[in-house]
Amino acid sequence: MSTDQTVRNEKTIDRAEILELYKDLRVCDVRDGLDWVGMQGYGTVNHKFKPLFRTRAVGIARTARYLPFEGPNPRVTGEEYSKWVGWYYNEVGNYPWKEDIEEGDFVVLDMSGVDVGLLGSDNTLDFKARGVEGYLLNGGGIRDTDECILQGIPVWSEFTSQGMNQTRIRFDSKDIPVAIGGVAIYPGDVIVADGDGIVAVPQKLAKEVAKYAHQELSNDKKSRGKHYKNLGWELDETVSDEG
């Protein structure tokens, strides 16, 4: 086996291990895990980033950055504008990172706060088929929201947007550190998101954080299981009969 093959296989095994470790953890558990390793002031994305609908997602950060489009805007309309838009999507407001998507990716896009529907009901289905688990967007970034909700596309963003990409935004770079909601997110970091918000775990701390996150989740399930019994409630998958 070549060196390149070995590296790729180790990466695949590591990703699978991390995704397995985090698949059942809640945001609050991961937040606790970060506290347990001395990262009390780090990892929680600002609360202004909200889910499009009540859902959860776990994945490995795949990052990209977009910047405001400086122009000039085309002084054309109709069919001439359609032709210009074709050029724009090929050369300016494109998605070079989509070819790199791996199963289990959580796409994190720094959109520089621009009010633009970078994602929508169509392209997110393409990305979903490639393996994307969720999205975190710095800015608007999501439109066609009724269809996105119907399709179950997990998105956390500051707001929703109406406008298409053209004349509003341009691709800058991919696989770089990005700053989202007060957190520096690097490619390969673990992202956990649910109704409590979003938390990012540095890749180098992922296993240690997961250890203590599971500890706290287990303690919570046991304690709540006792309360269920005292209340005469039937136990469900969120509690434990142990302890």
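Me: Contact here means heavy atoms within 4.5 Å. With that in mind, which element do the buried residues of α3 pack against?

Reply: They pack against β6. Helices (H or I, at least four residues) and strands (E, at least two) are DSSP runs, numbered from the N terminus. A word on the model first: it is predicted, local features need pLDDT of at least 70, side-chain atom pairs count only at pLDDT 80 or more, and totals for chains, interfaces and linings use all residues. Residues are numbered from 1 along each chain as its sequence is written, and side-chain values use heavy atoms, leaving out hydrogens and water.

Me: How do you know that the span of α3 agrees with the expected one?

Reply: The expected span of a helix is 1.5 Å times one less than its number of residues. For the 14 residues of α3 that gives 20 Å, and the end C-alpha atoms are 20 Å apart, so the two agree.

Me: Which residues of α3 are buried, and what makes them line one face of the helix?

Reply: Trp-84, Val-85 and Tyr-88 are buried (under 20% relative accessible area; exposed is over 50% and partly exposed lies in between, with a 1.4 Å probe and protein chains only). The arc is taken from the directions between the helix axis and the C-beta atoms. Seen down the axis, the buried residues fall within 110°, so they line one face. Residues three or four places apart in an α-helix point the same way because there are 3.6 residues a turn. On the face of α3 turned away from the buried side are the exposed Glu-79, Lys-83 and Asn-90.

Me: What makes a set of residues a nonpolar core, and which residues have the most contacts inside the largest one?

Reply: Its members are buried Ala, Val, Leu, Ile, Met, Phe, Trp, Tyr and Cys residues joined through side-chain atoms within 4.5 Å. The largest has 27 residues, and Tyr-66, Trp-97, Leu-109 and Tyr-135 have the most contacts inside it. At least two of its residues come from each of β2 (57-68), α3 (78-91), β3 (105-110), β4 (132-138) and β6 (169-174). Apart from it lies another core of 19 residues, including Val-27, Ile-60, Val-192 and Ala-206. Beyond four places in sequence, Trp-97 touches Tyr-66, Leu-109, Phe-127 and Phe-171, among others.

Me: Why is Asp-144 called partly exposed, and why is Ser-121 called buried?

Reply: Asp-144 has 30% relative accessibility, between the two cut-offs, so partly exposed is the right word. Ser-121 is at 15%, under the 20% limit, so Ser-121 counts as buried. Asp-144 sits in the loop between β4 and α5 (145-151), and Ser-121 in the loop between β3 and α4 (123-130).

Me: How do you know that Asp-144 and Ser-121 make a polar contact?

Reply: A polar contact is a pair of N or O atoms within 3.5 Å; within protein, one must be able to donate a hydrogen and the other to accept it, and residues adjacent in sequence count only if both atoms are side-chain atoms. The backbone nitrogen of Ser-121 is 3.0 Å from a polar side-chain atom of Asp-144, inside that limit.

Me: What does UniProt say about Asp-144?

Reply: Its unreviewed entry places a "binding site" feature there, and the same annotation covers Arg-143. UniProt positions follow the numbering used here, feature names are shortened, and annotations may be inferred rather than shown by experiment.
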